[in-house]
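Visitor: I have a model in front of me. Please show me how to read a few of its features.

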Amino acid sequence: MNLFTMKSPLWSTVRRRLTPVFTSAKLRSQQRQFIDKTQQLIQRIKMDMDRDNKVNLRMVYSDYTTDVVGQTSFGVVSEATLSGRGALRAVTLDFMKFSWWRGLCWAGIFFYPDFNDIFGFTFFPKATTEYFIKMYRQILEQRGGSTIVILPEISDEVLVAQAAIFLQGGFDTTASALAFITYELAHLPDIQDKLYDEMIEIKRNSGDAELDIEQLQAAKYLDCVIKEGLRKYPPMGWLDRVAGVDYEVDETLTIPAGTPIYVNAIGMHYNPQHYPDPLKFDPDRFLKENDNDIKSLTYIPFGEGPRMCIGRRFAMQNMAHTLSNIVLNYKILPTPRGPPHTDIPIEKKGLFLFPGENLFLQFVPRNV
Ligand code: HEM
């Protein structure tokens, strides 16, 4: 089987070796990069407002998350936040395109993996594979031809495939969540104001310094806003597993070993038994005093268990940096003809949960 068609079984080894990349200490050491990129994002929003008087959320956010994931995870210099362009951005723009062939490839990979080699189904577009192979060769050259030192037991091909999975898993999920959350904030001024009040207080208490990881951890309402955003719009609305052993659910149902299982994460997030009035964007659900109402395994935006999202803390920190800086710098307003925030169209052909149309907002500087 081609390594670009499926996650390799070697992933467990790769995952074990990559986990230290996401420790608190590592995330703290990456703060400067988060802060610099977020400042560029604030600048980019101003540029787009000056030019068009509106901002295309998903496009701007995916330019930005391409840079963040590319620079922090691969050490690649990427300037898409300001320019909207670049070699890595060409790859992520390719990821964002849908076609019948790609849909067929994904359906084949998930439901008929035995046919992958016969029909040549691949998870990533050809250009993506070529980009990552080129990038990998350059890194090898810089290291004098030796294989990547931290992962000696993994083949080059597996590493290249995992790098592509990393980028795909990281940039568009975060961009999509940010786009949905910002859209809700623009349409819910009370929530936006409450968030602004929290952030301005934290900023003043810190002597107006740039917000760092400790201050962001103190921003409890910000955390609730992000969690509610990921409840209502989990970028991966489903999880997939394969039963490892025969599993008896009850006396009428046993799932035989080898059966592919799909978990309806978004269905759980919208179940009114767990989340009353589920269509309402209500960050208060996640306040400490209400936390006990949330039952374990009914909230799974990052999955669960040993294959839970490896980038969870990275993504939460990135989103906290982004949203705090956005509300501190701008008042966010709806545009006249956008869809209602209670009924945002969803992309039907995508693998993840994305807005089905461009979402535009206006950003008014707070300090004029
Ligand atoms: C809001 C942002 C994100 C969301 C909602 C998200 C969600 C998820 C989910 C639901 C899974 C599957 C977990 C499971 O099956 O139990 C996953 C896996 C994964 N995510 Fe994320 N993710 C996000 C950001 C990121 C970032 C920033 C990175 C990397 C920088 C990343 C890298 C990965 C990888 C490599 C996997 C595969 C893990 C494995 O199979 O062991 N994700 N993510």
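Guide: Remember that this is a predicted model. Start with contacts around one residue. Glu347 touches Phe98, Phe354, Pro355 and Gly356, leaving aside residues up to four places away in sequence.

Visitor: Where is Glu347 found?

Guide: Look between β6 (330–334) and β7 (360–365); Glu347 is in that loop.

Visitor: Is Glu347 buried or exposed?

Guide: Use the relative accessible area. Buried means under 20%. Glu347 has 17%, so it counts as buried.

Visitor: How do I read Phe115 on that scale?

Guide: Between the buried limit of 20% and the exposed limit of 50%, a residue is partly exposed. Phe115 has 38%, so it is partly exposed. Phe115 sits in the loop between α7 (100–111) and α8 (116–119).

Visitor: Which residues make the nonpolar surface patch with Phe115?

Guide: Phe111, Tyr112, Ile118, Phe119 and Tyr262 join Phe115 in that patch, which covers about 690 Å².

Visitor: Now a helix. How far does α4 reach?

Guide: Compare its span with the expected one. Helix α4 (residues 57–74) has 18 residues and reaches 25 Å from first C-alpha to last, close to the expected 26 Å. Then check burial. In α4, 16 of the 18 residues are buried, so the helix is largely enclosed by the rest of the structure. Gly75 follows α4, with a positive phi near 70°.

Visitor: Last, the metal. Which protein atom is the donor to the iron?

Guide: Look for N, O and S atoms within 2.8 Å of the metal. Here the ligand's iron has a single protein donor, SG of Cys309, 2.3 Å away. Cys309 lies in the loop between α14 (265–269) and α15 (312–329).

Terms used:
Residues numbered from 1 in each chain as written. Predicted model: local features only at pLDDT ≥ 70, side-chain atom pairs only at ≥ 80, totals over all residues. Heavy atoms only, no water. Donors = N, O, S within 2.8 Å, 3.2 Å for Na, K, Ca; no water. Helix = DSSP H or I, 4+ residues; strand = E, 2+ residues; numbered from the N terminus. Patch = residues over 30% accessible without salt bridge, like charges linked within 9 Å, V, L, I, M, F, W, Y side chains within 5 Å. Areas by Shrake-Rupley, 256 points an atom, 1.4 Å probe, with all protein chains shown as cover. Salt bridge = Lys/Arg side-chain N within 4 Å of Asp/Glu carboxyl O. Buried < 20%, exposed > 50% of the residue type's maximum accessible area, 1.4 Å probe, protein only. Contact = heavy atoms within 4.5 Å. Expected span 1.5 Å × (residues − 1).
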